[in-house]
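Work through the exercises below with the model open. Try each task before reading its solution.

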Amino acid sequence: MMNFVVKTIANAGALAVAVWLLDKITLTGDSTGKKIGTLIVVALLFGLVNFLVKPLVKLLSLPLLILTLGLFTLVVNALMLLLTSWLADKLDLSFQVEGFWTAVLGGLIISVVSWALHVVLPDGD
C-alpha cells in the first residue's frame, strides 16, 4: 500500500512540474486545495492508464520500439498523457493537454521528474 502512495505522490509531483513548465498543459481550479485534489485524481488516473493501457500499446508497437532503438517510447508516453487528458475531460476534471508536441515534451518532463522522485522517495511495501 505504501508503494502505491509513493508512486501516486511521484506522479502528482511530476504532473505538477509539467503543468508549471508548459503553458499548454493546464490545471485550473478555484483554490489551491481544489487544484491539489484535482492533481491527485489526475495522478491516479495517469497511473491507471500507465498500468492498464501502456503495456498493450508497447507490445503492439514493439517493432517500432526496436526500429527506433526505444525512442518511440516518447510517442507512447505522449499518447498516454493525451489519453489521461481526454479521460480527465470526460470525468469533468480541469486538466488539459493541448497538442501532440506538448504531450511529447510533457511526457518527457514527467518521465524525468518521476524517475528523480522515485529515487528520492522511500520505496514501501
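**Exercise 1: a serine in a helix**

Serine 85 is buried, at a relative accessible area of 4%. Buried means under 20% relative accessible area, exposed over 50%, and partly exposed in between (1.4 Å probe, protein chains only). This is a predicted model: local features need pLDDT of at least 70, side-chain atom pairs count only at pLDDT 80 or more, and totals for chains, interfaces and linings use all residues. Residues are numbered from 1 along each chain as its sequence is written, and side-chain values use heavy atoms, with hydrogens and water left out.

Task: place serine 85 and find its contacts.

Solution.
1. Find the element. Serine 85 sits in helix H5. Helices (H or I, at least four residues) and strands (E, at least two) are DSSP runs, numbered from the N terminus.
2. Set aside neighbours within four places in sequence. Serine 85 then contacts Phe95, Gln96 and Val97. Contact means heavy atoms within 4.5 Å.
3. Look at the side chain. One of the polar atoms of the serine 85 side chain lies 3.0 Å from the backbone nitrogen of valine 97.

**Exercise 2: two positive phi angles**

Task: locate leucine 69 and aspartate 92, and decide whether each is buried or exposed.

Solution.
1. Recall the background. Most residues other than glycine have a negative phi.
2. Take leucine 69. Its phi is positive, about 55°, although it is not a glycine. Leucine 69 belongs to the loop between helix H4 (62-67) and helix H5 (72-90). Leucine 69 is exposed, with a relative accessible area of 78%.
3. Take aspartate 92. Its phi is positive, about 60°, and it is not a glycine either. The loop between H5 and strand E2 (95-97) holds aspartate 92. Aspartate 92 is exposed, with a relative accessible area of 71%.

Conventions
Polar contact = N/O pair within 3.5 Å; in protein donor to acceptor, adjacent residues only side chain to side chain.
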